Amino acid sequence: MVAYSRVRRHRRRRMWIPWVVFSLVSLILLALMWFGWQVMNGRPIIPSSIDSFMPINGKAVTIGLRTAPKSLDIRNDNSDELQQALLENVYETLVNRDENNELKPGLAESWNVSSDGLKYTFNLRHGVTFSNGVVLDSKAVLQSLKQGITSRYPGYEALENIKLIDNTDAYTLKIALNSPDPLLLRRLAGRAGIVYDTGALINYSNNALGSGPFVVSSYKKDDSLVLRCNNKYWGTRAKLGGIILKYFKDDASLTNAMSSGSIQMAIPLDGADNNRLATLPQVSLVKGKSTRVQIVAFNNDIHSVFNENWIRIAASYAIDSKWAIDADANGGVQVGGPIDPLSPGYEDLTNVLPFDKVQARKHFSYFYPRYYRTMVLLVPKNKVDLGKKIADAVSSGARAKVDLQILDQSEIENRIRDHKYDMALSSINHTLDIDTFVRIDSPYLFQKHDSQEAYSNAISSPNVAGYLANIKKYARNLSENAPIKWLYAKNSVVAVKSNIEGYPKNMTDQLLPLRDLNEK
């Protein structure tokens with residue numbers, strides 16, 4: 001029996017041997033097939049992540065920021081802080097924007113648009129590669145656009161109007177639309193225009209791979225992001241060996257870091273510590289422009305008294321935009337309509353429904369005070385004094401009670417979305433949100449025929465001139481009907497050491513191109 005058992009065990013072992021050999025051979029064949037595919041497609045054999053996480057070689061500058069990205073996956077994360085860190089640094093777009101928000105060549109060195117606004121031809125730059133050495137050509141652009149549209153990445157919903165994308169040769173891309181979209185080029189200067197190496201095998205949550213002047217060297221969630229100079233960059237190389245983006249919980253901590261010398265540049269969020277920053281030796285506070293607009297939102301839902309046009313106009317007269325600018329340590333520029341000074345179609349509308357106590361009382365008096373019931377005003381915790389001024393002005397003009405509710409900004413946004421308020425102090429970023437008042441899923445939807453018609457005429461224009469003419473009509477109509485009280489376009493503020501040059505000044509809350517940054 002013992003001998004028989006030994007024979008059975010021996011036979012079982014011999015039966016497993018072919019399977020082991022088969023598995024090993026299969027793995028080797030798969031590896032060879034992968035190796036061949038990589039070589040045939042001009043792809044690197046060594047994973048890109050190995051090349052990325054290398055130390056900085058040369059001088060580095062540390063920049064203090066307030067809001068840290070939750071991940072590095074720009075495909076699925078729509079936050080300004082992630083765009084601020086990666087766009088134009090690691091990732092590049094088909095079309096680019098300069099510091100004044102004007103369009104300029106990006107990965108496409110030029111383009112042509114047909115007279116009917118339905119056909120776009122993009123001429124791509126030659127000699128461009130991703131940081132892993134893979135060639136960036138029209139195939140890469142086509143695959144990026146198709147992947148973004150089919151995967152419904154943030155920002156790509158605006159490209160559903162695309163009828164056809166075709167790469168006629170390695171450096172020519174053609175896009176055909178179902179209907180004109182005069183904002184297409186601007187859309188392709190944002191997230192929807194990012195060109196990815198769609199075949200790269202990387203973990204997008206903690207890494208990034210693009211064609212920009214930097215690569216990700218390291219990332220510590222809620223703490224820091226280190227960018228290293230991309231030595232394979234196709235264009236003018238970054239002037240520094242690397243950039244360290246360091247994130248702080250408040251302006252005071254950021255100022256302490258600037259004072260100690262651990263950071264050389266800072267972008268304060270609310271300006272609470274600007275006075276102290278300005279007193280630090282060899283530190284300058286530089287103000288620029290932003291597309292972010294501070295507003296008082298009026299709930300024009302049928303259940304709110306602000307559904308009445310007369311009452312919205314009265315409240316607009318009652319509120320002085322200068323109160324809001326004075327309450328912001330970073331300051332800003334007064335606006336009277338939905339388009340900020342950096343965005344296309346801007347027109348000075350500050351003379352429409354300006355601050356006027358007499359007009360406010362006159363319009364409020366159209367209704368008896370008891371009609372107003374108690375009006376609810378939502379205000380963020382860092383704007384309490386401003387909230388009190390607004391509440392007092394509206395209460396005095398309407399001779400009615402205003403319930404001032406102080407909340408976190410996230411809760412205010414939730415209440416606005418659910419239409420559970422009458423007035424709310426908030427902000428809107430108008431870079432590509434000009435449809436805020438006509439989009440059916442927007443909490444600010446304003447259903448007035450004249451403004452909706454003007455927007456429709458603008459967005460269906462086959463050329464930019466037609467768009468601008470009609471979008472100005474749209475903006476003025478909105479301003480006159482006051483679905484919102486537009487207060488001011490916020491300033492961008494940069495605190496910088498005197499030995500730092502080449503830094504951006506405008507729109508730094510959402511766009512921070514750092515290729516030209518240098519330490520003298």
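This section describes the fold, strand pairing, backbone features and internal spaces of a predicted model.

The chain has 520 residues, of which 52% count as buried. Its secondary structure comprises 14 helices and 19 strands. Among contacts in the chain with a separation of 6 or more, 69% are accounted for by residues 24 or more positions apart. The mean pLDDT is 90, and 89% of the residues reach 70 or more. Two segments fall under 50 throughout: residues 34–43, for which the model has 15 contacts beyond four places in sequence, and residues 45–52, for which the corresponding number is 16. Where pLDDT is low, the predicted coordinates should not be read in detail.

Strand β12 spans residues 283–298, and 12 of its 16 residues are buried, so the strand is largely enclosed by the rest of the structure. It is paired with two other strands. With β17 (residues 484–497), β12 runs antiparallel, and 12 bridges join the two; within this pairing, Ile-295 stands opposite Trp-486. With β16 (residues 423–429), β12 again pairs in the antiparallel sense, here over 7 bridges. Ala-297 of this pairing faces Ala-424 in β16 as its opposite residue.

A further set of antiparallel pairings involves β5 (residues 119–124). In a regular strand the side chains alternate between the two faces of the sheet. Along β5, the side chains of Tyr-120, Phe-122 and Leu-124 point to one face and are buried, whereas those of Lys-119, Thr-121 and Asn-123 point to the other face and are not buried. Strand β4 (residues 108–113) pairs with β5 in the antiparallel sense over 5 bridges, and Asn-112 has Thr-121 as its bridge partner in β5. The two strands form a hairpin with 5 residues between them, and Gly-117 in the turn has a positive phi of about 70°. β5 also pairs with β7 (residues 172–177), antiparallel and over 5 bridges. In that pairing, Lys-119 stands opposite Ala-176. Thr-121 and Lys-119, which are among the β5 residues whose side chains point to the face that is not buried, thus appear in the pairings with β4 and β7, respectively.

Several loop residues were examined individually. Most residues other than glycine have a negative phi, and most peptide bonds are trans. Arg-152, although not a glycine, has a positive phi of about 55°. This residue lies in the loop between α4 (138–151) and β6 (162–169), and its relative accessibility of 57% is over the 50% cut-off, so Arg-152 counts as exposed. Arg-399 likewise has a positive phi of about 55° without being a glycine. Its place is in the loop between α11 (384–398) and β15 (401–407), and Arg-399 also counts as exposed, at 53% relative accessibility.

Gly-199 is found in the loop between α5 (184–187) and β8 (214–220). With a relative accessibility of 28%, Gly-199 counts as partly exposed. Its C-alpha atom is separated by 9.8 Å from that of Val-134, a residue 65 positions away along the chain. Ser-461 occupies the loop between α13 (449–459) and α14 (464–481). In contrast to a partly exposed residue, Ser-461 has a relative accessible area of 6%, which is under the 20% cut-off and therefore makes it buried. Leaving aside residues up to four places away in sequence, Ser-461 touches Pro-180, Pro-182, Gly-466, Tyr-467 and Asn-470.

The internal spaces of the model were also surveyed. About 590 Å³ of space lies in the second largest pocket. This pocket is lined by 28 residues, and those closest to its centre are Glu-88, Asn-96, Lys-104, Pro-513 and Arg-515. Strands β2 (95–97) and β3 (103–105) each supply at least two residues of the lining. By class, the lining of this pocket divides into 11 nonpolar, 7 polar and 10 charged residues.

A search of the whole structure finds 2 cavities of 30 Å³ or more. The second largest cavity holds about 30 Å³ of space. Its lining consists of Phe-298, Asn-299, Asn-300, Tyr-421, Pro-443, Tyr-444, Pro-483 and Ile-484. Of these residues, 6 are nonpolar and 2 are polar, and none is charged.

Definitions and conventions. Residues numbered from 1 in each chain as written. Predicted model: local features only at pLDDT ≥ 70, side-chain atom pairs only at ≥ 80, totals over all residues. Heavy atoms only, no water. 1 Å grid on protein atoms, 1.4 Å probe; cavity = no way out; pocket = protein on both sides within 12 Å on 5 of 7 lines; lining within 4 Å. Points joined across faces, edges and corners; volume = space filled by probe spheres on them. Helix = DSSP H or I, 4+ residues; strand = E, 2+ residues; numbered from the N terminus. Nonpolar A, V, L, I, M, F, W, Y, C, P; charged D, E, K, R; others polar. Buried < 20%, exposed > 50% of the residue type's maximum accessible area, 1.4 Å probe, protein only. Pairing = 2+ DSSP bridges. Contact = heavy atoms within 4.5 Å. pLDDT = per-residue confidence, 0-100.
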